[in-house]
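Work through the exercises below with the structure open. Try each task before reading its solution.

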Amino acid sequence: MTRKAVSLISGGLDSLLATKVLLEQGIHVEGINFYTGFCVEGHTHAIRKQDKDKLKRNNALWVAEQLGIKLHIIDIVEEYKDIVVNPKHGYGANLNPCLDCKIFMVSKAKAWMEKHSFDFIITGEVIGQRPMSQRKKTMPVVAKTSGADDRLLRPLCAKTLPETLPEREGWVDRNKLYDFSGRGRKGQIALAEKFGFVDYAQPAGGCCFLTHKEYSHKLQDLWDHRGEKRYELDDIMLLKMGRHIRPRPHFKLIIGREEGENNFMSGYKNQFTHMFCTTHEGPLTLIDGELYPEDRELAAQIVARYTQGKHADKVNIQLSQTDGTNFLLSVAPLKPEDIKKEWQL
């Protein structure tokens with residue numbers, strides 16, 4: 001009887017290798033990839049023109065293609081909000097709820113496993129690789145709290161852990177699993193070479209924006225100025241875009257950094273009051289919050305600083321409001337030192 005496993009596919013090297021190890025043992029494997037909205041790949045570098053030479057692909061799909069397995073992509077944006085806002089085990093160095101995230105995803109994989117009559121779950125986890133979710137003490141927490149228990153197999157570090165059900169029952173040969181540990185990736189890179197994988201996502205690249213200090217700072221600012229911890233998908237997409245400058249508590253500017261971001265942000269013009277320069281080339285700027293009449297000149301001066309007319313005496317900035325009214329402001333661009341450090345998110 002061919003046993004069936006569902007593998008959590010992030011698109012990184014570890015999930016690629018963990019799945020390949022089980023395929024080599026004759027296990028039928030299908031992949032599952034959860035979309036949270038915070039995934040790094042496929043967003044910023046795919047949008048920005050300056051990254052046009054960087055390979056642009058969905059790494060989870062690419063991994064599935066390399067392995068020759070089916071991949072199920074599941075949208076968990078709404079369900080995931082509670083994990084981000086109220087993590088029972090707290091945050092990591094930034095706003096990353098890594099332990100709660102792993103428990104949640106494994107529990108979702110368990111429900112999928114049971115619904116589709118699969119036998120166990122695979123992850124690419126390695127002890128000591130992540131400071132919050134992949135420690136000797138927390139790995140059992142993930143297995144128990146998720147409900148997966150000993151149907152959760154980590155092929156890359158299985159020999160450092162107690163035997164799981166697939167190993168005890170002989171579905172999987174424990175001797176053909178691995179004992180990787182720590183943050184180093186030499187073992188994984190050597191295994192990739194053995195399997196013939198030469199093109200894969202860079203190890204330790206970080207696949208979630210919540211692990212990024214700058215992104216977490218902008219998300220915390222969003223919560224602080226809304227007076228509550230909540231977000232929508234549009235919020236987390238725009239936090240990935242442009243320069244974020246908050247010169248006043250009641251509004252911030254999202255200033256496109258280049259053509260690709262300007263093009264993407266133009267899709268939000270009907271939802272936001274926005275600004276652009278009519279006399280020089282420059283960015284599209286979205287206004288998030290309430291821009292009062294007394295704020296218009298300052299906002300225009302900041303925007304002018306990022307146009308091709310930043311050294312001109314005056315530039316014209318058009319302000320377009322969501323109600324359809326427009327204003328043309330002739331302003332002197334602010335000097336770099338006038339844009340205060342505390343404004344910049």
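Buried means under 20% relative accessible area, exposed means over 50%, and partly exposed covers what falls in between. The model is predicted.

**Exercise 1. Classify N262.**
Task: Is N262 buried or exposed? Locate its helix and list its contacts.

Solution:
- Start with the place in the chain. N262 sits in helix α11, residues 259–265.
- Take the accessibility next. The relative accessible area of N262 is 17%, so N262 is buried.
- Now the contacts. Leaving out residues up to four places away in sequence, N262 touches G256, G282, P283 and L284.

**Exercise 2. Describe the chain as a whole.**
Task: How many helices and strands does the chain have? Which percentage of its residues is buried?

Solution:
- Count the elements. The chain has 12 helices and 11 strands.
- Take the extent. The C-alpha trace spans about 75 × 40 × 35 Å along its principal axes.
- Add burial. Of the 345 residues in the chain, 52% are buried.
- Finish with contact range. Consider contacts between residues at least 6 apart in sequence: 65% of them join residues at least 24 apart.

**Exercise 3. Lay out the open sheet.**
Task: What is the strand order in the open sheet of 5 strands? Which strands are at its edges?

Solution:
- Read the order. It is β3-β2-β1-β4-β5, and the pairing is parallel.
- Find the edges. β3 (71–75) and β5 (152–153) each pair on one side only, which makes them the edge strands.
- Look at one pair. β1 and β2 run parallel and are joined by 5 bridges.
- Name bridge partners. K4 has H28 of β2 as its partner, and L8 has I32 of β2.
- Check the burial of β1. Of its 5 residues, 4 are buried, so β1 is largely enclosed by the rest of the structure.

**Exercise 4. Dissect the nonpolar cores.**
Task: How many residues does the largest nonpolar core have, and which have the most contacts inside it?

Solution:
- Begin with the general rule. In soluble globular proteins, nonpolar side chains tend to be buried together.
- Apply it here. The largest nonpolar core has 36 residues, and F38, Y80 and I121 have the most contacts inside it.
- Trace the sources. β1 (4–8), β2 (28–35), α4 (77–85), α5 (98–115), α6 (139–146) and α9 each supply at least two residues of this core.
- Find the main contributor. α5 gives the largest share, 9 residues.
- Examine Y80. Not counting residues up to four places away in sequence, Y80 touches T36, F38, P97, C101, F104, M105 and Y231.
- Locate the other core. Apart from the largest core lies another of 33 residues, including I9, A60, L156 and A192.

**Exercise 5. Place G124.**
Task: Is G124 buried or exposed? Which residues does G124 contact?

Solution:
- Find the loop. G124 is between β4 (120–122) and α6.
- Judge the accessibility. G124 has a relative accessibility of 15%, so G124 counts as buried.
- List the contacts. Beyond its neighbours within four places in sequence, G124 is in contact with D14, S15, A18 and L156.
- Relate G124 to G184. These glycines are 60 residues apart along the chain, and their C-alpha atoms are separated by 14 Å.

**Exercise 6. Compare two positive phi values.**
Task: Where do S117 and D149 lie, and how exposed is S117 or D149?

Solution:
- Take S117. Its phi is positive, about 60°, although S117 is not a glycine.
- Place S117 in the loop between α5 and β4. Its relative accessibility is 52%, so S117 counts as exposed.
- Take D149. Its phi is positive too, about 50°, and D149 is not a glycine.
- Place D149 in the loop between α6 and β5. Its relative accessible area is 43%, so D149 is partly exposed.

**Exercise 7. Characterise the cavity.**
Task: What volume does the largest cavity have, and which residues line it?

Solution:
- Count. The structure holds 1 cavity of 30 Å³ or more.
- Take the volume. The largest cavity has about 60 Å³.
- List the lining. It consists of L222, R226, D235, L238, L239, H244, K252, I254, F272 and D288.
- Sort the lining residues. There are 5 nonpolar, 1 polar and 4 charged.
- Assign the elements. α9 (213–226), α10 (233–238) and β7 (251–255) each supply at least two lining residues.

Conventions: Residues numbered from 1 in each chain as written. Predicted model: local features only at pLDDT ≥ 70, side-chain atom pairs only at ≥ 80, totals over all residues. Heavy atoms only, no water. 1 Å grid on protein atoms, 1.4 Å probe; cavity = no way out; pocket = protein on both sides within 12 Å on 5 of 7 lines; lining within 4 Å. Points joined across faces, edges and corners; volume = space filled by probe spheres on them. Nonpolar A, V, L, I, M, F, W, Y, C, P; charged D, E, K, R; others polar. Core = buried A, V, L, I, M, F, W, Y, C linked by side-chain atoms within 4.5 Å. Buried < 20%, exposed > 50% of the residue type's maximum accessible area, 1.4 Å probe, protein only. Contact = heavy atoms within 4.5 Å. Pairing = 2+ DSSP bridges.
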